[in-house]
Amino acid sequence: MHSKPIYYEEPYQRTLRAVVTAITEKGVVLDKTICYPEGGGQAGDRGTIAGKPLLDTIKDDEYTIYHQVQDPDFSVGNIVEIVLDWEHRYHYMQMHTAQHVASGLLFHHFGVATVSVHQGERILTIETDQKEIPLSVCYDLEDLVNQSVREAKPVSYEVHTQQSAQALDLRRSIKVESDGVRLVVVDDIDTVACGGLHVANTKEIDLFHYAGQEMIRGHVRLIFTIGAIAREEIRRKERNIEQLGALFSSPVEDLLEIATKAVTQSASDKSALKKCNECLAFLELEKQIAGAPVKVETPVVLWEVENDLSLKAIGKAATSFENLALCAVQQSGEQVFWLIALVGEASTLLNFSKQRQNLLSSIAGKGGGKPPLYQGVGTGEGLILLKTFKDLLV
Ligand SMILES: [Zn+2]
């Protein structure tokens, strides 16, 4: 069921007519194909086959290539035309070649080995064997790769026996065990065994951009963007910075300083606002206490709290009184937030733990706390909780 791979001889071929030899659950098999199957960190090809969307290309362990066609309306024996999503394929060829150049330079110039690589939809990542890579090295690498783009270095192939390939002592160990080892040679920069697809010349990488780094498995993973996507990403970041500058009414060069000041100011505003809320809650609670009935020297406050007051702040204020039985609810649509404070004598008038079920069942309330404060959330009418609280006070 093997398809003859045309993509190695003709990596730039975008269309091909082929015969359908099988239609299986895994996908459509053709007698020959230009579609590269997913593998070696490179995505499978997409496009159309007989006008139907080709969503992905995969292979199995026997190297049968499956074309995952959406709703195929052709049969075994039909001749169909493959049309590649060339933008997608070409970007992968650019990224893959850029990865060889970058890994070769990292190894030979900086003594940094490549542990694993991944070519994503928009980014290329190289996991290195290093715990730390200074920014200066990343920018030197970026410059060197872009220099190889300007110098337009040819990418060629050699086929070796296992023995002659092993004798070359390449930077990356050879994964295939058979003879006929395919080596990709990026001029004087890098030679490794590779079954992927590459551009024919480093000038086609177009642009190599260092986009950051992250830690993975204790190693630095470098992130790059390539070609048209790199240009798009750089422009997008520039627009974002410009918009931030406009937001802070600041020239871009002063933006970091102005934004840092704004963040510090906002933190101090937040802390001042918290204090204001606490003062306000205290004053409002005092008002509620002044108008509340008293039971055994304990004011009993039933309070439907406005939404601009914080229950947390009210709870804090409640603890500064000697004796207080407080039940406060705050309605927010179907939700009701509740607060119960049993301060001083109030704890002898109502035992929260014993009455928890009686109090909270009417609002399917959840939550709890420890004396003298209890807090939580429920659903329904907060007023029912206020009434139950009042009835339960001895
Ligand atoms: Zn390769």
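I'll go through the two largest pockets in this structure, which is a predicted model.

Start with the largest pocket. Its volume comes out at about 670 Å³. Thirty-one is the residue count, or as I have it here, 31 residues line this pocket. Nearest its centre you will find Arg-172, Lys-175, Ala-193, Cys-194 and Gly-195. Three elements each give two or more residues to that lining: helix H1, covering 86–110, strand S9, covering 114–119, and strand S12, covering 181–186. Of these, S9 provides the largest share, with four residues.

As for chemistry, the lining of the largest pocket has 13 polar residues, twelve nonpolar and six charged.

Why is this pocket placed between domain 1 and domain 2? Residues from domain 1, which is 4–84, and from domain 2, which is 90–244, both contribute to the lining, so the largest pocket lies between the two.

Now the second largest pocket. The space in it is about 220 Å³. Its lining includes Asp-85, Glu-87, His-88, Tyr-90, His-91, Tyr-92 and Gln-94. Further along the chain, Glu-121 and Arg-122 also line it, as do Ala-228, Ile-229 and Glu-232.

Which elements give two or more residues here? They are H1 and helix H4, the latter covering 227–247. H1 supplies the largest share, six residues. By class, the lining of the second largest pocket has five charged residues, four nonpolar and three polar.

One point to take from both pockets: H1 gives two or more residues to the lining of the largest pocket, and H1 also gives the largest share to the lining of the second largest.

Note on methods: Residues numbered from 1 in each chain as written. Predicted model: local features only at pLDDT ≥ 70, side-chain atom pairs only at ≥ 80, totals over all residues. Heavy atoms only, no water. 1 Å grid on protein atoms, 1.4 Å probe; cavity = no way out; pocket = protein on both sides within 12 Å on 5 of 7 lines; lining within 4 Å. Points joined across faces, edges and corners; volume = space filled by probe spheres on them. Nonpolar A, V, L, I, M, F, W, Y, C, P; charged D, E, K, R; others polar. Domains from an automatic or database assignment.
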